[in-house]
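Reader: I should like to go through this model with you. May we begin with the cysteines and then move on to the interior?

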Amino acid sequence: MKLVVDRNRCIGAGMCALTAPALFDQDDDDGLVITHAETPTPDQEGVVREAVEACPSGALRTEE
């Protein structure tokens, strides 16, 4: 699984960081999503899917 983050679509809601804080954070300057890993480990895939679904702007997606 590969994680794709579109910062141009991000609205800074922070749902990703709340859902998966080991993988996501918010930029201190603009509040937009930053990721700690583009390729999550297999045990992180479930929480990545939850974060993608929770994102209100659709800024997150996965590629298999």
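Reader: Is Cys55 buried or exposed?
Author: In this predicted model, Cys55 counts as buried, with a relative accessibility of 16%.

Reader: And Cys10, buried or exposed?
Author: Cys10 is buried, at a relative accessible area of 15%.

Reader: How many disulfides does the count come to?
Author: The count comes to zero disulfides. Cys10 takes part in none, and the nearest cysteine sulfur, belonging to Cys16, is 6.3 Å away.

Reader: Why is the sulfur of Cys55 not in a bond with that of Cys10?
Author: Because the two sulfurs are 6.4 Å apart, which is too far for a bond, although the sulfur in Cys10 is the closest cysteine sulfur to that of Cys55. The pair would have to lie within 2.5 Å to count as a disulfide.

Reader: Let us turn to empty space. How many cavities of 30 Å³ or more does a search of the whole structure find?
Author: The search finds one. Its volume is about 100 Å³.

Reader: Which residues lie nearest the centre of that cavity?
Author: Cys10, Ala13, Gly14, Cys16 and Cys55 lie nearest the centre, out of a lining of 15 residues.

Reader: What is the make-up of the lining by class?
Author: Ten of the lining residues are nonpolar and five are polar, while none is charged.

Reader: On to the largest nonpolar core. Which residues have the most contacts inside it?
Author: Those are Cys16, Phe24, Val33 and Leu60, in a core of 15 residues. Two or more residues of this core come from each of α1 (15-19) and α2 (45-54).

Reader: What does Cys16 contact, leaving aside its neighbours within four places in sequence?
Author: Cys16 is in contact with Pro21, Phe24, Val33, Ala51 and Leu60. Cys16 thus appears in two of our topics: among the residues nearest the cavity centre, and among those with the most contacts inside the core.

Reader: A change of subject: where does Ser57 lie?
Author: Ser57 is in the loop that runs between α2 and β4 (60-63).

Reader: Buried or exposed? I mean Ser57.
Author: Ser57 counts as buried, at 14% relative accessibility.

Reader: What does Ser57 touch, not counting residues up to four places away in sequence?
Author: Ser57 touches Arg9, Cys10 and Ile11. From Ser57 to Arg9 the separation is 48 residues in sequence, yet their C-alpha atoms are 6.2 Å apart in space. Cys10, one of the residues touched by Ser57, is also the buried cysteine discussed earlier.

Methods:
Residues are numbered from 1 along each chain as its sequence is written. This is a predicted model: local features need pLDDT of at least 70, side-chain atom pairs count only at pLDDT 80 or more; totals for chains, interfaces and linings use all residues. Side-chain values use heavy atoms; hydrogens and water are left out. On a 1 Å grid over the protein atoms alone, a cavity is a set of points where a 1.4 Å probe fits but cannot get out, and a pocket is an open set with protein on both sides within 12 Å along at least five of seven lines; lining residues have an atom within 4 Å of a point. Grid points are joined across faces, edges and corners, and a volume is the space filled by probe spheres set on the points. Ala, Val, Leu, Ile, Met, Phe, Trp, Tyr, Cys and Pro count as nonpolar, Asp, Glu, Lys and Arg as charged, and the others, Gly among them, as polar. Buried means under 20% relative accessible area, exposed over 50%, partly exposed in between (1.4 Å probe, protein chains only). A nonpolar core is a set of buried Ala, Val, Leu, Ile, Met, Phe, Trp, Tyr and Cys residues joined through side-chain atoms within 4.5 Å. Helices (H or I, at least four residues) and strands (E, at least two) are DSSP runs, numbered from the N terminus. Contact means heavy atoms within 4.5 Å.
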